Amino acid sequence: MKRLRVRGPAKALRGAVRVPGDKSIGHRALMFASLAEGRSTIHGLSAGLDNRSTAELFRALGVTMELGDDYAIVDGVGLFGLSMPRGDLDCGNSGTTMRLCAGLLAGQRFGVRLVGDESLTRRPMRRVVEPLRARGAHIAGRSGPKEGEVYPPLAIAPLVEGEELVALEYRSPIASAQVKSCLLLSGLYARGATAIEEPVVSRDHTERMLGALGVPIQAVGPLVVLDPTGWDRRWPGFEWTVPGDISGAAFVFAAAAMVPGSDVTVEAVGLNPTRTGIVDALRAMQADLRFTPKGEMAGGEPAGDVRVVHRPLAAAMTGGEMLTRMIDEVPAFSAIAATARGRSDVRDAEELRVKESDRVSTTAKVLEAFGVDVTELQDGLHVHGGAALHGAHVDSHGDHRIAMMAAVLGLVAEGETIVDDTECVATSFPDFAGTLASLGADVVEEGAG
Ligand code: S3P
């Protein structure tokens, strides 16, 4: 078993780092390259296991691809060129792989079974199964702990001769880019238009990237419409560079914002406004942030260097649309809140209960272990910040973001911190320990893979 060992309190962190390519953009770039006509090159791709799961899945569907440490060269087969896999399609730990591919594969003339690891097998799939069925897909999952919910594996039966996916108008009860993208991707194969409305705009990478490829897709506020009427259902190969993952960078921002004297720059981070809730939260905490814009990357994704200079922080509140724009950053935010003076609140975050772990509960447990006064709510947390923290021995609960949160808390705690079961960190940030260590932190990863 792997573990992270951290010695605190850390001395000032200093320097410039890069983080792995954005995981959400990487998944989509691999999918769109696989479905393109001709060769695509993706630079800056994360070597994290989640993006690897997507890459291997498309290989199993007959796509030839060369995968390097930070790039992929993909020979696209076109929208109708995927072939039937020999066995199950393994999505590993990646909910994005399973949900988005469920949409893509619902429109094929061959059947598949999508499987995942233990954590993914506990995650809810009704949110995609129901609307896909409503447009004519043959998709089913397993029943499980929650009445009426649908869990992986997902079995998709082929559309037979004469069957087609039909138009869909769907008002999603949750703001979820995975649901929205799943349905838009199924819409690439449908006869009619796909119109999806969300309560709040979730990350919009699918819309931006498909739009950049010439797919007829339009977004007006929380409404997105893909109308394939008159479109030839093709796009050419492309060459894109994936920006750094703001969700991984958030832990570096947190470390720099928390450790006195720090001055750290994360280079070429994705700054898509549907992802920058953590930047707004840090600003609300009065953090010193400086930006150098770097233009647009991968199909219309804004990027820039972000410098964080430590200064004492104040408590802040997140919820509503800001929370949606930082849905994966609540563990990082909560760690920062533990060092900010006053009570910080996280609200409207019930969705976190169905991520890689129940992140409302696992975040609270880890904070408590460090001596933080925290109250767990059904939809969030109250974090009372500013007290002295002591080192702790905690478990990742198999969740990469919980492991990284604990390591960052260890930087400002007195004494040694051990985080057990940290294999999961490799899903999104394989060299997390090395990145913090390069800034001067005493963080090591121990144990065999
Ligand atoms: C993702 C969307 C989010 C996020 C996940 C990646 C995506 O999930 O939590 O890490 O790439 O579309 P939901 O859209 O289901 O909230």
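Begin by selecting D328 together with the ligand: in this predicted model, a polar side-chain atom of D328 lies 2.6 Å from an oxygen atom of the ligand. Add S24, where a polar side-chain atom is 2.7 Å from a ligand oxygen atom, and then Q178, which approaches through its backbone instead, with an N or O atom 3.1 Å from an oxygen atom of the ligand. Of the 380 Å² of accessible area that the ligand has on its own, the protein covers 95%.

Now widen the selection to the residues that surround the ligand, among them R28, T96, S176, A177, R203, I327 and K355. If you colour by helix, you will find that α1 (23–34) and α6 (177–187) each supply at least two residues of this shell.

Next, turn to the charged side chains, for the structure holds 37 salt bridges. Select D442 and R7, whose side chains meet in one of them, with N and O 3.5 Å apart. D442 belongs to strand β24 (residues 442–446) and R7 to strand β1 (residues 3–8), so this pair ties together parts that are 435 residues apart in sequence. D442 counts as partly exposed because its relative accessibility is 35%, and R7 is likewise partly exposed, with a relative accessible area of 42%.

Move on to R39 and D75, another salt bridge, in which the N to O distance is 2.9 Å. R39 sits in strand β3 (residues 37–43) and D75 in strand β5 (residues 71–77), so that the pair links distant parts of the chain, 36 residues apart. With a relative accessible area of 55%, R39 is exposed, whereas D75, at 27%, counts as partly exposed.

For a salt bridge within a single helix, select E130 and R126, where the closest N and O atoms are 2.9 Å apart. Both residues lie in helix α5 (residues 126–134), separated by four residues, which is about one turn of the helix. E130 is partly exposed at 43% relative accessibility, and R126 is partly exposed at 35%. To see salt bridges that share partners, select R123, R203, D328, E356, R359, D399 and R401, which are joined in this way into one network; R203 and D328 are also among the residues that surround the ligand.

Then look at the interior. In soluble globular proteins, nonpolar side chains tend to be buried together. Here the largest nonpolar core has 81 residues, and those with the most contacts inside it are F370, L409, L411 and F432. Helix α8 (residues 246–258) gives the most to this core, contributing 11 residues. Centre the view on L409 and, leaving aside its neighbours within four places in sequence, show the residues in contact with it, which are M258, A335, A338, V366, L367, F370 and L389. A second core, separate from this one, has 68 residues, including A33, L45, L159 and V224.

Finish the tour at V166, which lies in the loop between β9 (151–157) and β10 (168–171). Is V166 buried or partly exposed? Its relative accessibility is 31%, and V166 therefore counts as partly exposed. Beyond its neighbours within four places in sequence, V166 is in contact with A134, R135, A190, R191 and G192. As a last step, draw a distance from the C-alpha atom of V166 to that of D305, a residue 139 places away along the chain, and the separation is 44 Å.

Methods: Residues numbered from 1 in each chain as written. Predicted model: local features only at pLDDT ≥ 70, side-chain atom pairs only at ≥ 80, totals over all residues. Heavy atoms only, no water. Core = buried A, V, L, I, M, F, W, Y, C linked by side-chain atoms within 4.5 Å. Buried < 20%, exposed > 50% of the residue type's maximum accessible area, 1.4 Å probe, protein only. Contact = heavy atoms within 4.5 Å. Salt bridge = Lys/Arg side-chain N within 4 Å of Asp/Glu carboxyl O. Near = heavy atom within 4 Å. Polar contact = N/O pair within 3.5 Å; in protein donor to acceptor, adjacent residues only side chain to side chain. Areas by Shrake-Rupley, 256 points an atom, 1.4 Å probe, with all protein chains shown as cover.
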